[in-house]
Amino acid sequence: MVARIALVIWPIRCKLSSKFDWLTSASMPHVVTENCINCKHTHCAVVCPLVAFHEGANFLVIDPRECLDCGDCALECPVSAIVLDRRVPKDQRAFIQLNAELATIWPSISVKKVPPPDREEWDEVPGKLKFLER
């Protein structure tokens, strides 16, 4: 029952969000953070109902204008790189703006791809922002 209601509400929220971008432009429900760099699993992009994910060479971002805050992506991320905007650690708050900026440049993604072969070596490595390929 809940799933059916969600399927009805998502398209309505999508239509409304595009008409009222000015209401949501200051916040982003979910943010891809540092741990995605060089890990780049795509489980999150597959479950996103609105194709809010965008792909760079070694990182994924969420378009703040498209995210519905459903949370499916965060549940699917095997490295816990996706968090609510209000829960982004202080040392990673730059990723809020970075997601918004790169989503306008990078192509959208909605399919699962093979992650980098060395992804496990990069999991939980601090200071990965310097390795981000724009």
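This is a short tour of the structure, moving from the whole chain to a group of aromatic rings and then to a single glutamine.

Begin with the whole protein chain in view, bearing in mind that the model is predicted. Coloured by secondary structure, the protein chain shows six helices and four strands, and if you follow it along the sequence these elements come in the pattern α-α-β-α-β-β-α-β-α-α. Of its 134 residues, 40% count as buried. Switching on the surface displays an accessible area of about 8000 Å², with 58% of it belonging to carbon and sulfur atoms. Among contacts between residues at least 6 apart in sequence, 80% join residues at least 24 apart.

Next, select F59, F95 and W106, which ring pairs link into a cluster; the count for the protein chain comes to three aromatic pairs. Keep F59 and W106 on screen: their ring centres are 6.4 Å apart and their planes stand at 80°, so this pair is edge-to-face, the angle being over 60 degrees. F59 lies in the loop between β2 (53–55) and β3 (60–62), while W106 lies in the loop between α5 and α6 (119–122), so that the pair links parts of the chain 47 residues apart. Both F59 and W106 are buried.

Finally, select Q92, which is placed in the loop between β4 (82–84) and α5 (94–103). Is Q92 buried or exposed? Its relative accessibility is 14%, and because buried means under 20%, Q92 counts as buried. Show T33 and E34 as well, since Q92 is in contact with both of them when its neighbours within four places in sequence are left aside.

Definitions and conventions
Residues numbered from 1 in each chain as written. Predicted model: local features only at pLDDT ≥ 70, side-chain atom pairs only at ≥ 80, totals over all residues. Heavy atoms only, no water. Helix = DSSP H or I, 4+ residues; strand = E, 2+ residues; numbered from the N terminus. Buried < 20%, exposed > 50% of the residue type's maximum accessible area, 1.4 Å probe, protein only. Contact = heavy atoms within 4.5 Å. Areas by Shrake-Rupley, 256 points an atom, 1.4 Å probe, with all protein chains shown as cover. Phe/Tyr/Trp six-rings, centres within 6.5 Å; stacked < 30°, edge-to-face > 60°.
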